[in-house]
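Please open the model in a viewer and keep the sequence panel visible. The tour proceeds by selections, each followed by a short account of what is found there.

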Amino acid sequence: MEPIFPKFRIPTIDRLGVSCMPNVTETTGTKIAKDWFDAFSAFAQVQDVTGMEGLLCDDALWRDVYALTWDIRTFDGLTHIRPFLNTQLQAMTMHSFNWRNFVRVQKPYPDLAWLVVMFGFETNVGLCSVIARLVPTGTGEWKAYTVFTNLENLRGFPELICRSRQQARVAASVWRDQREEESRFAESNPSVLIVGGGQSGLSLAARLKYLDVSTLVIEKDARIGDSWRNRYDSLCLHFPIWYDNMPYLPFPQTWPKYSPGLKMADWLEHYANILELNVWTSSTVLDAVQHKDETWTVRVQKANGVIRVFNVNHFVIATGQGDGVPRMPSIPKMNSFRGEILHSSKYKRPSAFVGKKVIVIGTGNSGIFFPPSETLTWAAEDSSFSTYAGHDIAADLAREKIDVTMYQRSATLVMNLDKGWDLFAGPLYGEGSPPNEIADQLSHSVPHLLLEGGLAQRGTEAILASQKDMQDALKSVGFKLNNGVLGAGILLNLKQKGGGHYFDVGASQLIVDGDIKIKNDSAILEFEEHGLTFADGSHLEADAIICATGGGDVHQFISQLCGESVASECPPLFGVNEEGEMTWFRPFPRKGLWYMHGNLSLTRFHSKHVAMYIKAMEENLITSRYASNMGPNCIQLRQLELPQVDRV
């Protein structure tokens, strides 16, 4: 299969046929945006598709998140936008447009200028928003190059917050009894059952609770947050606090910029208690069966061995990335090794390795991708994912003066997220930035096809150029670097395979200084008594080998719970389709089955969409969907055929 590369999409002035960069002030920009809004709202309300087309560039990108499609879709160019509007304007009826007086004049690059405008509208079921990016054209008109329509709230079913919060006084004993009865589900069934009490499961449970949808979370660990407590002691979040807020309850102003893993564990437990979420800990979902009426029967075993059977409308998998089963490499003669071999998920702290020589296999930050065609075979599926970073473990050992070598199988994207934050996401997520509700919409209003089509590459180049000294230092000691898939930085690394990068929090300097040694010049051939032998005949001695080689496909977990027939109908859970969209946070082909996964920012934003969709299903509000293919064979344009080219 020939590699499929994205087309250049940035609407530069040359590409638009504009002779020179327009000089737009805040005043003139507001007038341009207001005139465009007036025309857009007028055409939309009378369903004049031809008129709306005249306000868009021929190759415009329209991204819709649940507002007009009840799906997450991007329409590429007027040839795809036209049939979408012809169908959905009549089905959803855009009306009640409101001007929010939000206009920003932006010049991201010397050859690019646009006006960002935000306004609101309503449909027959929802309160929605539009974010459009207007660009100049050769005719002097300003047209939209991107349009983002987003469902913000359901009509008639507001979140039970702020003015809609509980108003009546409730005695302490009454409140206590109500909470106990609600969480026991002694004689009732929840509408939604979520398996997994991590950030994704709790965020969705909170959204559902405050849309008045009965929900129960099942968590296998003894305490909420144990999935963080049980990981290695040095674990710390790589994204700063502003990016990681959860729904309804932002971190306090005293919170550190980067959350330690143990502190994050306590926060999740605190979050569930404060928001009064129904969570059963030390409990396990045994299986889930869907019936002809599309409801689900779910069997849950509690800590005391009692099995409860629930009949629910919605079953949500929120157990994280992969199937939770460590995947070990299948390397010849493993039994001949006299030392210790362990998966990174079993690593806790460096004290157990003092005085030993250690090899860490894997250099990823949150995941490593293993093509099946390599000489070295692996016990996992085509790809495996790890939240136990090879870099972090190697650095943990090196700081204790332990002899550690990190085995690098392929080039790695390395960037210091802290130093590059202003270029990465600082304007939207930082001190003094807009509220998360606004920042999230602005962030998600940029379609993936535009990011992949040049914006992400430009941003990555700027970030790496600002960190050239460290990049050069790593290359000087033989560490292999790249710019990510298609040079797009972490964008496709995360969407395509869940990793393949390292956010530098100190390991890079340890590599440069020689405290972490690197082996990457030959493939592993086999184990020997005291280490590893490589294909070129070289050897590495070791007393312990730690495999940061991840876990398996979450389809295995779905198959375990729901059966192979259900799992086989589920779409790929990594990669993007021809519209640049992933399958996360979207309805699966099996009605009532959902997969919730993503970093804290993604989960914060999309948990509300999933909750609104579930609420809309409960209230029979969904009468028309404009959905894309979500089956197991949905097109994956950017999978294995896309090479990662080493930087020189």
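How many residue pairs are in polar contact across the interface of domain 1 and domain 2? The rule finds 10 such pairs, with both residues at pLDDT 80 or more. The pLDDT value is mentioned here since the model is a predicted one.

**First stop: the domains**

Colour the protein chain by its domain assignment: domain 1 (13-154), domain 2 (175-323 + 554-625) and domain 3 (334-369 + 381-547). Now keep domain 1 and domain 2 in view; their C-alpha centres lie 34 Å apart. In this pair, 19 residues of domain 1 are in contact with 19 residues of domain 2.

The size of an interface is often given as the accessible area lost when the parts come together. For domain 1 and domain 2 the buried area is about 1,700 Å², and carbon and sulfur atoms give 53% of that area. Select Tyr66, Trp70 and Ile72 next: they supply 37% of the area that domain 1 buries against domain 2, more than any other three residues.

**Second stop: charges and elements at the interface**

Four salt bridges are found by the rule across the interface of domain 1 and domain 2. Select Arg63 and Glu581, which form a salt bridge whose closest N and O atoms are 2.8 Å apart.

Then display the elements on the side of domain 1 that touches domain 2. Strand 1 (56-65), strand 2 (72-76), helix 4 (78-92) and strand 6 (142-154) each supply at least two residues to that side. Strand 6 gives the most, with six residues. By residue type, the side of domain 1 that touches domain 2 divides into 10 nonpolar, five polar and four charged residues.

**Third stop: Thr137**

Select Thr137, in the loop between strand 5 (126-136) and strand 6. Is Thr137 buried or exposed? Thr137 is buried, because its relative accessible area of 16% is under the 20% cut-off. A polar atom of the side chain of Thr137 lies 2.8 Å from the backbone oxygen of Glu141. Leaving aside residues up to four places away in sequence, Thr137 touches Leu16, Val18 and Lys143.

**Fourth stop: helix 17**

Select residues 554-562, which make up helix 17. Why is helix 17 described as largely enclosed by the rest of the structure? The description applies because seven of its nine residues are buried. These are Val554, His555, Phe557, Ile558, Ser559, Leu561 and Cys562. Among the elements that cover these buried residues are strand 7 (192-195), strand 10 (284-290) and helix 18 (564-569). Move on to Gly563, just after helix 17, where phi is positive at about 100°.

**Fifth stop: Leu486 and helix 15**

Select Leu486, in the loop between helix 14 (468-476) and helix 15 (490-497). Leu486 is not a glycine, yet its phi is positive, near 60°. With a relative accessibility of 17%, Leu486 counts as buried.

Continue into helix 15, which is mostly covered, with six of its eight residues buried. The buried residues of helix 15 include Ile490, Leu491 and Leu492. After helix 15 comes Gly498, with a positive phi near 75°.

**Last stop: Lys333**

Finally, select Lys333, in the loop between strand 14 (329-330) and strand 15 (340-343). Lys333 is another residue to inspect for its backbone: its phi is positive, about 65°, although Lys333 is not a glycine.

Notes: Residues are numbered from 1 along each chain as its sequence is written. This is a predicted model: local features need pLDDT of at least 70, side-chain atom pairs count only at pLDDT 80 or more; totals for chains, interfaces and linings use all residues. Side-chain values use heavy atoms; hydrogens and water are left out. Helices (H or I, at least four residues) and strands (E, at least two) are DSSP runs, numbered from the N terminus. Buried means under 20% relative accessible area, exposed over 50%, partly exposed in between (1.4 Å probe, protein chains only). Domain bounds come from an automatic or database domain assignment. Contact means heavy atoms within 4.5 Å. Buried area is the accessible area (1.4 Å probe) that two parts lose on being put together, summed over both. A salt bridge is a side-chain nitrogen of Lys or Arg within 4 Å of a carboxyl oxygen of Asp or Glu. A polar contact is a pair of N or O atoms within 3.5 Å; within protein, one must be able to donate a hydrogen and the other to accept it, and residues adjacent in sequence count only if both atoms are side-chain atoms. Ala, Val, Leu, Ile, Met, Phe, Trp, Tyr, Cys and Pro count as nonpolar, Asp, Glu, Lys and Arg as charged, and the others, Gly among them, as polar.
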